[in-house]
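User: I am a first-year student and would like a close look at a single part of this model. Please keep the answer plain and connected.

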Amino acid sequence: MSIPIAKLLALTMKTLSKPIAQGIKSRAVYNSIFKKICISVGEFSNKTTYNLNKFVNRYKVPYRPIDNEHAVNKGADMLGEIVVYSIAGVLIVEEYARTTIQKKHNEQAMQDRLDTMEKNIEKIKASISSK
């Protein structure tokens with residue numbers, strides 16, 4: 001029995017995506033450019049959460065911006081989750097494409113077999129009618 005290499009690779013990618021996300025979170029503290037990106041993402045996430053809560057709950061509470069430390073943590077978490085979900089999404093699309101190609105290949109093989117059988121039936125009919 002052979003191991004499906006594509007599925008093994010997909011499992012490996014899923015497993016590796018979480019440490020990659022953790023690496024993103026840890027680098028946010030040390031890299032100033034990445035820290036700024038995480039702060040922007042964290043503030044955006046905070047504003048979006050506030051606006052959604054305001055819309056859903058229909059109440060007005062003044063917006064309170066979060067401090068940079070919380071924004072970095074929230075932004076790094078968000079970027080880490082984006083990495084995990086992006087890898088999962090790519091793997092799902094790849095699996096779908098691979099399955100679709102395999103299905104088309106199987107359908108073509110079945111059609112070729114059916115065509116061969118129909119030709120053989122016609123040959124047998126011609127052979128019978130000529131006797």
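In which helix is V72 found? Please describe that residue closely and then set it in the chain around it.

Analyst: V72 is found in helix 3, which covers residues 68-130. Bear in mind that this is a predicted model, and that the values below are computed from it.

Start with the surroundings of V72. Its relative accessible area is 5%. Because residues under 20% count as buried, V72 is a buried residue. Leaving aside neighbours within four places in sequence, the residues in contact with V72 are A28, K35, C38 and I39. Take C38 from that list as an example. Along the sequence, V72 and C38 are 34 residues apart. In space, their C-alpha atoms are 4.9 Å apart.

Helix 2 covers residues 32-57, and S45 is one of the residues in that helix. S45 has a relative accessibility of 9%, so this residue counts as buried too. If residues up to four places away in sequence are not counted, S45 touches K74 and M78.

M78 is also useful for a look at the other end of the scale. N120 lies in helix 3. The sequence separation between N120 and M78 is 42 residues, and their C-alpha atoms are separated by 63 Å. With a relative accessible area of 37%, N120 is partly exposed. That label applies because the value falls between the limits of 20% for buried and 50% for exposed.

Now the chain as a whole. Three helices and zero strands make up its secondary structure, so the pattern read along the sequence is α-α-α, with helices numbered from the N terminus. The C-alpha atoms fill a box of roughly 95 × 40 × 25 Å along the principal axes. The radius of gyration of the chain is 28 Å, whereas a compact globule of 131 residues would have one near 14 Å. Of the 131 residues, 15% count as buried, and V72 and S45 are among them. The accessible surface comes to about 10,900 Å², and 64% of that belongs to carbon and sulfur atoms.

Contacts can be sorted by sequence separation as well. Among contacts in the chain with a separation of 6 or more, 73% join residues 24 or more positions apart. The contact between V72 and C38, with its 34 residues of separation, fits that description.

Last, the largest pocket. Its volume is about 190 Å³. The lining includes N46, T49, Y50, N53 and K54, as well as Y59, V61, P62, Y63 and R64. By class, that lining has five nonpolar, three polar and two charged residues.

Methods. Residues numbered from 1 in each chain as written. Predicted model: local features only at pLDDT ≥ 70, side-chain atom pairs only at ≥ 80, totals over all residues. Heavy atoms only, no water. 1 Å grid on protein atoms, 1.4 Å probe; cavity = no way out; pocket = protein on both sides within 12 Å on 5 of 7 lines; lining within 4 Å. Points joined across faces, edges and corners; volume = space filled by probe spheres on them. Nonpolar A, V, L, I, M, F, W, Y, C, P; charged D, E, K, R; others polar. Helix = DSSP H or I, 4+ residues; strand = E, 2+ residues; numbered from the N terminus. Rg over C-alpha atoms; globule rule 2.2 N^0.38 Å. Buried < 20%, exposed > 50% of the residue type's maximum accessible area, 1.4 Å probe, protein only. Contact = heavy atoms within 4.5 Å. Areas by Shrake-Rupley, 256 points an atom, 1.4 Å probe, with all protein chains shown as cover.
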